Amino acid sequence: MEINSVQFLIMISLTGTATLLIGLGLGYLIFKRSGNQEKNQSIKQTSKTSSKKESSNMSNEQIRKMYQLITDLTMTLNYERVLEKSLETSFIALQLSDFSTEKLVSAILLFSEDEFGPPDLYVAYGKGLPRPDQSRTTPGIEGILEHVIESGNTVTTKELPKDPELKQFFAFQSCQSGFCMPLRAGFDTFGVLIFAHPEEDYFNSDVKEIINTVGHQAQIAMQNAHLFQELKTEKDQILKVQKEARQKLARALHDGPTQSVAAIPMQISRARHLLKRDVDAAAEALYQTEDLARRTSRQLRHMLFTLRPLILESEGLIAALDSMAEKTQETFHQNVVIKTDPELVDELNMNAKTVIFTIAEEAVNNARKYAEAENIYIRVQRLQADLAFLEIEDDGKGFDVKNITDNYEERNSLGLINMRERAELVEGAFHIKSTPGEGTQIQVVIPLTDDAADRLRLI
C-alpha cells in the first residue's frame, strides 16, 4: 500500500543513505578479515598471486551479499519480519566473516505495553531458544539488562549463567559469554538485543563490531516499520471517518429532509384539489406546505454547515461554534451556550480546531436527539499551559455509558466511537461521564506541544 507522506519519503531517503554507509562498513570489516586470513594463508601456500586473486574475489562477493542483506532489512516494513530479518542478518554476517554460528543463540526482547502495571520485557523473536524461553518475560531491572537499559551502552559478559534475570532462560544457562545491546529510538530504550555462546571468548572485537553494525541498522528498520504502521493506521482512520460522515449524512437526509421533500408534492396536490371545493382550506394547506418547505430548507442548510463549515476556515473556531449554536436554535429550537478562551483558540492549529468543532457538533446532535436536554453547554478552555480542554455538557436525562458502549455492535450509531477516534487524530484524550437522570459530560484534552502529547500517552 502506498502512503502519501512527506515523512515517509524522507524516512526512505535517509534510510537509503544509512544502508549504503553501513553496508560499506560491514564490507570493510569483511575485507579486513579476509585480508588477515590472506596473510596467514600466504605463508602456507606456494602461489601467492593466485591466492590473492581468489581472496579478493571472495571479499567482493561477501561485500555484495552483505549490502543486499542490509538493503533487504532496511526496506522491510512489516514489523514481525524486521525482527526475524534482524537476527538472520546478524547470523549471516558472522558466517560471511567465517565465524561459526552453530552454537550461537540470540533474542530480541521488547517492552510490553501494560496498562495496569510496569512494562516487562518479552521475547519478540529468538533464534536457538527452546519453546519455554519464548514465552518468558522479565522486568529488566537487574544485572546486564538494567545496565544496558539505563546506560544505553552495550555490555559483554563471561558469566552469563550468573545474571539474576537472564539465568531463568534455559538457552543462556549453557552459555558462558554474552553480548547485549540496547534498541533505542532517540533517548528512549524500547528493547534489547542479546547474543550468547558457550565459548568464553567468542565475542571478540570483530564479532561485536559486526553485531553492533547490524543491530544499529535493525533499530532504523524497526523505527521505519513502526512509522509505516502508524501512517497506515492514520490513513485507515481517516478513511473510516470519511465513511462514517457519508453514512451519517445519508441517515440524516433519510430521517429529515428526504421525507419532508416527499411530503411537499402531496401537500400541493391536496391544496390543488381543495381549490375547487374550499378556498380557505386550500389556503391553509398551502400555508402548511410553505412552512414545511421553509423547515426543510433550514434543515438542509444546517446539514451543509455541519458537513463543511466554511466559516471555520474563513472566520475561525469561535465564529463557527457561535454559528452552529445559532443554527441549532433556529432549526431545532435547542439552546446551546458557548464559552471559549480566545487566546487559547489562537494557539490551536487547524486540525485541532476542526476536531473540536466536529466533536462539539456530534455531541450537540446526540444531546438534542436523545437527551431531551433543555440546555447544552460547550466550553473551550485552557486546562494547563500546554493543554486545551473541550467540554460538552447537557442537563438531559443521561444514560448508562457501559451499557451503550458494550452494545455498539447491535446499534446503528457509532457517535461515541467517532468522537474518540477524532480526538486520537490530534493525539488527544477522550472521556465521557453520564448517569441516568443526571445529564452527560463529554471531555477532550488536546495537547499543544509534543511534551504534552507524550504526557497524555502515559495516562
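This briefing covers a five-strand sheet, the helices on it, the nonpolar cores and the cysteines. The model is predicted, so local features need pLDDT of at least 70 and side-chain atom pairs count only at pLDDT 80 or more, while totals for chains, interfaces and linings use all residues. Residues are numbered from 1 along each chain as its sequence is written, and side-chain values use heavy atoms, with hydrogens and water left out. Helices (H or I, at least four residues) and strands (E, at least two) are DSSP runs numbered from the N terminus.

**Sheet**
- The open sheet has mixed pairing and the strand order E7-E8-E9-E11-E10; two strands pair if DSSP finds at least two bridges between them.
- Strand E7 (335-340) and E10 are at the edges with a single partner strand each, so one side of each lacks a neighbour in the sheet.
- From one strand to the next the twist averages 15 degrees; axes are lines fitted to C-alpha atoms, for helices over the stretch in contact, and angles run from 0 to 180 degrees between N-to-C directions.
- Strand E8 (residues 375-384) runs antiparallel to E9, joined by eight bridges, and Gln-384 has Leu-387 in E9 as its bridge partner.

**Strand E11**
- Six of the eight residues of E11 (residues 440-447) are buried, so the strand is largely enclosed by the rest of the structure; buried means under 20% relative accessible area (1.4 Å probe, protein chains only).
- E11 pairs with E9 (residues 387-394) in the antiparallel sense over eight bridges, with Phe-389 opposite Val-445.
- E11 also pairs antiparallel with E10 (residues 429-434), over six bridges; one of the bridge pairs is Lys-433 with Gln-441.
- Five residues separate E10 and E11 in their hairpin, and Gly-437 in the turn has a positive phi of about 90 degrees.

**Helices on the sheet**
- Helix H13 packs on the sheet and touches E7, E8, E9 and E11, its direction making about 15 degrees with that of E9; contact means heavy atoms within 4.5 Å.
- Helix H15 (residues 415-425) lies across E10 and E11, at about 150 degrees to E10.

**Nonpolar cores**
- The largest nonpolar core (buried Ala, Val, Leu, Ile, Met, Phe, Trp, Tyr and Cys residues joined through side-chain atoms within 4.5 Å) has 40 residues, of which Leu-317, Ile-359, Ile-378, Leu-390 and Ile-392 touch the most other members.
- H13 (residues 350-371) supplies the largest share of this core, 10 residues.
- A second, separate core of 25 residues includes Leu-183, Phe-195, Ile-210 and Met-222.

**Cysteines**
- The whole structure contains zero disulfides, a disulfide being a pair of cysteine sulfur atoms within 2.5 Å.
- Cys-175 is buried at 2% relative accessible area, and Cys-180 is buried at 3%.

Terms used. Buried means under 20% relative accessible area, exposed over 50%, partly exposed in between (1.4 Å probe, protein chains only).
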